[in-house]
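Dear colleague,

I am handing over a structure that is new to you, and below it you will find what turned up when I went through it. Please read the notes with the structure open beside them.

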Amino acid sequence: MDFCNTDKLVKYIKTEINKMAERKKQISPSIMCADFMNLEKCIRDFEKNGIEYIHVDIMDGHFVPNFTLGTDFCKALKKATNIPLDIHLMVENPEEKLGWFEFGEGDYVSVHYESTKHLQRVLSEIRKRGAKPMVAINPATPIDVLRWILPDIDAVLLMTVNPGFAGQKLVEQCLEKITELRSFLDSHGCENVEIEVDGNVSFENARRMSDAGADIFIAGTSSIFKAGVSMDDSVAKLREAIK
Ligand code: DX5
Ligand code: ZN
């Protein structure tokens, strides 16, 4: 290790801290970006490549201006594979809709801070049902809103685009926000709380996000669902970028 090189030294220290906190870099492909005519193959490719989670975007046309996947799709996925789900609820009043979904041990379920007046209640309900609660925040939402829900979360989903659509461009200031979020969590004794990033996680951006402290990477049209690249190659390239 070349300790005269500040960047390398910072990266080394961050890697060691991650090891101590038992966090590891993981990939969660955004299934809404898959080829729906070939979903079975896609899922088997995930399994073959040791993919850690499947990210499922649920949109209600209110919280975000789009519709995507829903309850039956999650149910079918749970039957089709043992890979844990990473359900991203982009819906108004998630506390009213949580009961519609099947999820359990090992799955992540995220709710947006901006979507409910009863955030703590809905996060604790996710935990009660055996899954891992995650809170999602939009690019403009400050980090300190998380202060009083820290005991209720296992991860923070930091949106790096405004949610609703695949194929958007990174909101650049979110890179600094990742670094700030990692220090905020560590300074409150939450070294084990993971940071997930969602939106324009390209190979290049993934490297920068990883250096800033991200742990779980939502892989969409910017990386593993890029046309013309095999799943094996793109997952290997993404793993190389985030290690
Ligand atoms: C929204 C989605 C999108 C998308 C990510 O929550 O998760 O952000 O599928 O893929 P990109 O941004 O690479 O198209
Ligand atoms: Zn998402």
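Rings of Phe, Tyr and Trp (for Trp, its six-membered ring) are taken as a pair if their centres lie within 6.5 Å, and the planes make the pair stacked when under 30 degrees apart, edge-to-face when over 60 and tilted for the rest. With that rule, a search of the whole structure finds three aromatic pairs. One of them joins Phe46 and Phe225, which meet edge-to-face with 6.3 Å centre to centre and 75° between the planes. Phe46 belongs to helix α2 (residues 39–48) while Phe225 sits in the loop between β8 (216–219) and α7 (231–242), so this pair ties together parts that are 179 residues apart in sequence. Phe46 is buried at 0% relative accessibility, and Phe225 is buried as well, with a relative accessible area of 17%; here buried means under 20% relative accessible area, exposed over 50% and partly exposed in between, with a 1.4 Å probe and protein chains only.

Before going further, please keep in mind that this is a predicted model, in which local features need pLDDT of at least 70 and side-chain atom pairs count only at pLDDT 80 or more, whereas totals for chains, interfaces and linings use all residues. Residues are numbered from 1 along each chain as its sequence is written, chains are lettered from A and ligands numbered from 1 in the order in which they are written, and side-chain values use heavy atoms, with hydrogens and water left out.

As for the whole protein, it has seven helices and eight strands, these being DSSP runs numbered from the N terminus (helices H or I, at least four residues; strands E, at least two). Its radius of gyration is 17 Å, close to the 18 Å that the globule rule gives for 243 residues, so the protein is as compact as a globular protein of that length; the radius is taken over C-alpha atoms, and the rule is 2.2 Å times the number of residues to the power 0.38. Buried residues make up 53% of the 243 residues.

Two asparagines also deserve a look. Asn93, in the loop between β3 (85–90) and β4 (108–112), has a phi near 50°, a positive value in a residue other than glycine, and is partly exposed with a relative accessible area of 30%. Asn200, in the loop between β7 (194–198) and α6 (203–212), likewise has a positive phi, about 55°, although it is not a glycine, but Asn200 counts as buried at 18% relative accessibility.

With best regards
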